[in-house]
Amino acid sequence: MTDAPHTLPLERLYASPSLSGPVARSVKYSPDGTRVTFLKSRAGEQNRFDLWQFDIATGEQSMLVDSMLLEPETVDLSEEEKALRERKRIAGTVGIADYSWGTADTLLVPIAGDLHLVTLTTNGPVVKQLTDTDAFEYDARISPRGNYVSFVRESAVFAIHLSTGTETRLTPVADPDEAISYGVAEYVAQEEMKRFTGYWWSPDERYVAFTEVNEKGVDIIPRFDIEAAKVTVVQQRYPRAGRPNARVALFVNDLVKDRTDRIFETGPNTYLARVNWTSGSLWFQTVNRDQTEIRYNRTDSLPWRVWSPYTERNPVWVNLSNDFRELPDGRILVTTEDGGMRQAAILPPAGQRDAIPVTPADQVVHSVETVSEDGTKLYYSGYADTVLERHLYSIPLDSKGAPASPERITKAGKTWDVRISPDRQTFVGTSSSPDHPPQTGLYRIDGTLLGWIEENALDAHHPYAPYKADHLTPEYGTLKAEDGQDLHYSILKPPAFDSARKYPVIVEVYGGPHVQTVTRSWGSLSDQFLARQGYIIFRLDNRGSDNRGREFENVIHRRTGGPEVRDQLAGVDWLKSQSFVDADRIGIQGWSYGGYMTLMTILQAPEGTFAAAAAGAPVTDWSLYDTFYTERYMGTPENNAEGYAASGVLPYAANLTTPLLLMHGMADDNVTFDNTTRLMTILQENGKQFELMTYPGQRHGIRGQALQTHLMKTRLDFLDRHLKPSGSDEP
């Protein structure tokens, strides 16, 4: 097809500055609420971030820390830091990746493996380097009252007393020979529980709770970190489904009495999921290996007696949250799925079993944001209006009888992320819509805009301005699953769409738990690019995906790749019924769980359903994936052998008839590369042809402008060959 004047070039898709414009990342209020800080990327290097501030009183912005001054050249990260960034999905970040507030005028900035304390003065910020060692300091923060800076070094926790400069080790020394570390989060805690730390300060700074992680029994999975010029064998402790987990113990260091006490040890069939301090107690959540209950455990100083005031149970599986908040009157607010949807609830008083819900049973809470100072009103993010938009809501905490109806605060038509000020009078809201990239503003608590922190206006100076005229807006709709539940979809049509013509379609699939792809938000610019190549882009959130409640999610229990596939095929049937779709030119592609879904769908679909399939970093055998994720949905290979066989890709591989492209990072530490090599072997033994693209040195995500561009070229070349008429550029 002939390029239109404003067609988005592939070479521009991943180049700097970002086509989505500047985005405020890691937004935080100062403790006194006078300023908002955030990470901002450079126009000429979109992956390098500096620390900026927004003065609430004046509305003025300024750079606080120039990353180039602290890290003029990119440093080699430690393996621990690489893994942590991969788990946080910030791999590839250069410059400042994280920071934390201490007092109203001090911040901590870790960069290049060392720690820097930033003090705000009337003459501007003053930066002091706190550590200068060959070792890599990470997971650093300022203690709650601002007296210490703590961090992990060589798998142990240290603290620097800021007034004296004295450095103290707070935990025992790690023992790498016995695979014992302190104050860190093991692999499944980071990747699957989203617990990225292993130590916690008490609010009064008297205590530090920390983990002891013993991975001696965890299988070592040799991972070949294949780069362009070298191969490193990484002996990765990776607990695969049905195999031993790390043993995690919880300790408390009493800094006043200079003593350390063991509080709890998980054993082989329990996980330590969450740890929280309140004003007078240490709370920690544990999950049994079957993942059918979350136990809320509590202990109060010596003799550190542990009891369990509440347990959330579900016979299928339980989902974790990060919602745990002490109310002004001492009660504990959490979120649970006891009623089927995630609701905010108050833990039951002594002698009662059930938590007391405070949000409606038919609406999904995404996260608790804050509680008013007097404890009468809850602010939370959720989906009370539509699952397509996340909003900030308020609701009374102690309404009599059934929970009251929530009041939406944020503007409709967008999806929102919010952070509320310490005094609960304002919030920072980042929102986007299908027609506008993310904007970050300062708002009154009632939703009135006070000023832009990052307006990101789509004006003539915006990076996307040359391509704005051809911007495409998706259409939204619903289909019915076989059990009658609604399946939301989006469809993006090419420019100058002509309903009298027939177009090829790319089904973009993820399909896995805890992910939602159909939302009213700024979408993937790769979708915009592919649509401008003449493709219709179709997305459908099948059963098993996020923010729809337990009935929608639970259908995949002990058998993944079944209900989700049938839902995607229902979407394909709908596409084929549309007059503008070329039923013979439908392709499907996805990455990670989406790669798995791509393979499971083409291998179970009737022959001829798809004309092409591109699968990236796919799980092909669930026994190769980790314990916490896999066993939540599938049980273990021992107690669900039939389910594992039915849910794996490999038993179906010989059925391949669809042209297939496989892609994988050769250093993937999440979906390990042997998932793909095992599939390759079966396909080869059965005489099945396929195409393959591997990326040396790349982990679960393919990072960097050059490689992302190469990956898109690879996919596009493959799709064009199979989804467009031979010898023609026309769709």
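Here are some questions and replies about how the labels on this predicted model were reached.

Me: Before the labels, what kind of model is this?
Reply: It's a predicted one, where local features need pLDDT of at least 70, side-chain atom pairs count only at pLDDT 80 or more, and totals for chains, interfaces and linings use all residues. Residues are numbered from 1 along each chain as its sequence is written, and side-chain values use heavy atoms, with hydrogens and water left out.

Me: Why is asparagine 456 called buried?
Reply: Buried means under 20% relative accessible area, exposed means over 50%, and partly exposed is in between (1.4 Å probe, protein chains only). Asparagine 456 has a relative accessible area of 3%, so it counts as buried.

Me: What makes the link between asparagine 456 and histidine 462 a polar contact?
Reply: The term covers a pair of N or O atoms within 3.5 Å; within protein, one must be able to donate a hydrogen and the other to accept it, and residues adjacent in sequence count only if both atoms are side-chain atoms. The side chains of asparagine 456 and histidine 462 are joined at 2.7 Å.

Me: Which residues does asparagine 456 contact, leaving aside neighbours within four places in sequence?
Reply: Contact means heavy atoms within 4.5 Å. On that basis the partners of asparagine 456 include Ser20, Gly21, Pro22, His436 and His462. Asparagine 456 itself sits in the loop between β36 (449–454) and α5 (465–468).

Me: Why is serine 100 called buried?
Reply: Its relative accessible area is 12%, so serine 100 gets the buried label. Serine 100 lies in strand β6 (residues 100–101); strands are DSSP runs of E, at least two residues, while helices are runs of H or I, at least four, all numbered from the N terminus. Not counting residues up to four places away in sequence, serine 100 touches Lys28, Thr106 and Ala140, among others.

Me: And what makes glutamine 236 buried?
Reply: A relative accessible area of 10% does it, so glutamine 236 is buried. You'll find glutamine 236 in strand β18 (residues 231–237), with Tyr187 and Asp669 among its contacts beyond four places in sequence.

Me: How many helices and strands does the chain have?
Reply: The chain comes to 13 helices and 44 strands.

Me: Why is the chain said to be as compact as a globular protein of that length?
Reply: The radius of gyration is taken over C-alpha atoms, and the globule rule is 2.2 Å times the number of residues to the power 0.38. For 731 residues the rule gives 27 Å, and the chain's 26 Å is close to that, so the description fits.
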